[in-house]
Amino acid sequence: MRICMAEAHISSVGDHFLVGLRPSVTLHERDQALLRELRPAGVILYKSNFLHDAPYHEWLQAHARLVADIRGAIGRERIFIAIDHEGGRVCRTPAPITRFSYAASWAQQAGAIGSAMGRELSSLGINLNFAPVLDIHSNPANPVIGPRAFGETSEQVIGAALAFMSGLQAQQVLACGKHFPGHGDTDSDSHHELPVLHQTLRALRERELEPFAAAIRAGIAMIMTGHIMLPAVDALAPVTLSYRFNQQLLREQLGFGGVIVSDDVGMRAVSGLFADPAAAPKLICAGADMLMISAHWTDTDRCRGFARALIAAQDEGSMPAERSAQSRARVQALLGRAAQPAVTALPAEVFEQHRHSGALFQAQTVEVV
């Protein structure tokens, strides 16, 4: 009886979580237990969750079983099945899913490629793609963005990103713009360290924020924050945990009423800050809605500690009940809009057509973690 009560209690804050699974094409027993207890809003898939080097019909059957098991474990009617699918090195899926090149290579065909990606992802039961990149490739020394961005000016990024978003969402796959407030001018990689960007708010408004503002005006429903420190705007917290950026700038000044999701909190840029579970309620109090935590970066069993910290903060009043309720309502509203597609095979001619939509990625090795 005590176990059941604990599970139900933890699940009361499940809306705040997006969980990355362990490296397996079947649902690992520890993942199954976590999903049953926490009942998160959804999961994010990585390369290791797909059966590579197998025929399409074989790996698709394995994938369908995985998706069914995820849904069964979470036990919610509507969930997010998410992925990072940008093109270039940021690709998780096996052939014949089309491996497009970096966004910069097909910016002029962004609408058609967004539609092609959307159709293929939807056929995999995926309803949320962490794209488009809204960063501007403004620093040649940037080791992590570069050609992942659509262009070197805000105008180039806006035109291509909005076309991509429209094409993707026409195929019932939600778009998520990233990495707010702009990762393009940094000179370090937040996967490994916390980038520090010495820009004023005025400078951000004149360039980095413009694609995000345009995407908000176009109705984008989810934005991912970047693990970046901008001491001229907030000297006390990185964007991930910053009230100044999330609540005041993104929500109040830019007018974003959708879901704010963190980049993965296991990434080295912020992993130390999230060593204390109390960081979870700080994230929600800062104005964000969802915490992403993936087995690729850390032990996702830590979700239980984060969930208990959220519940304790609610009980103690350090996380206002109104803020938590508003956050959950935003997540539930987006879940209500999210299609719940079945895993379905696509005919060979669809993939052949897509291969002619834009530049393909030719490298033999790709960052498909």
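This report describes a sheet, two helices, the nonpolar cores and a buried charged pair in a predicted model.

**The three-stranded sheet**

Three strands form an open sheet in the order β6-β7-β8, and their pairing is parallel. Its edges are β6, residues 177-180, and β8, residues 259-262, each of which pairs on one side only. From one strand to the next the twist averages 30°. Strand β7, which covers residues 222-225, runs parallel to β8 and is joined to it by 4 bridges; Met 224 has Val 261 of β8 as its bridge partner. Lying across β6 and β7 is helix α7, residues 209-217, which runs at about 140° to β6.

**Lys 178 and Glu 86**

Lys 178 belongs to strand β6, whereas Glu 86 sits in the loop that connects β3 (80-83) with α4 (110-123). Lys 178 counts as buried because its relative accessibility is 2%, and Glu 86 counts as buried because its relative accessibility is 5%; the cut-off that places a residue in this class is under 20%. The side chains of Glu 86 and Lys 178 are joined by a polar contact of 2.7 Å, and the side chain of Lys 178 also makes a polar contact with that of Asp 84, at 3.0 Å.

When residues up to four places away in sequence are not counted, Lys 178 touches, among others, Phe 130, Pro 132, Val 133, Leu 134, Asp 135 and Arg 148, together with Phe 212 and Met 224. With neighbours within four places in sequence left aside, the contacts of Glu 86 include Ser 101, Trp 106, Met 117, Phe 130, Ala 131, Val 133 and Arg 148.

**Helices α5 and α10**

The table sets out the lengths of two helices and the residue that follows each of them.

| Helix | Residues | Reach, first to last C-alpha | Expected reach | Following residue and its phi |
|---|---|---|---|---|
| α5 | 154-170 (17 residues) | 24 Å | 24 Å | Gln 172, near 70° |
| α10 | 303-316 (14 residues) | 20 Å | 20 Å | Gly 317, near 90° |

In α5 the buried residues are Ser 154, Val 157, Ala 160, Ala 161, Phe 164, Met 165, Gly 167 and Leu 168. An α-helix has 3.6 residues a turn, so residues three or four places apart point the same way. The elements covering the buried residues of α5 include α4, β4 (128-129), β5 (174-175) and α7.

The buried residues of α10 are Cys 303, Arg 304, Gly 305, Phe 306, Ala 307, Ala 309, Leu 310, Ile 311 and Ala 313. Several of these recur in the surroundings of Phe 17: with its neighbours within four places in sequence left aside, Phe 17 is in contact with residues including Cys 303, Phe 306, Ala 307 and Leu 310, as well as Leu 38, Pro 40, Ala 41, Gly 42, Met 290 and Leu 291.

**Nonpolar cores**

The largest nonpolar core comprises 91 residues, and the members with the most contacts inside it are Phe 17, Ile 70, Trp 106, Phe 150, Phe 180 and Phe 274. Helix α3, residues 56-74, gives the most to this core, contributing 7 residues. A second core, separate from it, has 21 residues, among them Leu 18, Ile 44, Leu 174 and Met 222.

Technical notes: Residues are numbered from 1 along each chain as its sequence is written. This is a predicted model: local features need pLDDT of at least 70, side-chain atom pairs count only at pLDDT 80 or more; totals for chains, interfaces and linings use all residues. Side-chain values use heavy atoms; hydrogens and water are left out. Helices (H or I, at least four residues) and strands (E, at least two) are DSSP runs, numbered from the N terminus. Buried means under 20% relative accessible area, exposed over 50%, partly exposed in between (1.4 Å probe, protein chains only). A polar contact is a pair of N or O atoms within 3.5 Å; within protein, one must be able to donate a hydrogen and the other to accept it, and residues adjacent in sequence count only if both atoms are side-chain atoms. Contact means heavy atoms within 4.5 Å. Two strands pair if DSSP finds at least two bridges between them. Axes are lines fitted to C-alpha atoms, for helices over the stretch in contact, and angles run from 0 to 180 degrees between N-to-C directions. The expected span of a helix is 1.5 Å times one less than its number of residues. A nonpolar core is a set of buried Ala, Val, Leu, Ile, Met, Phe, Trp, Tyr and Cys residues joined through side-chain atoms within 4.5 Å.
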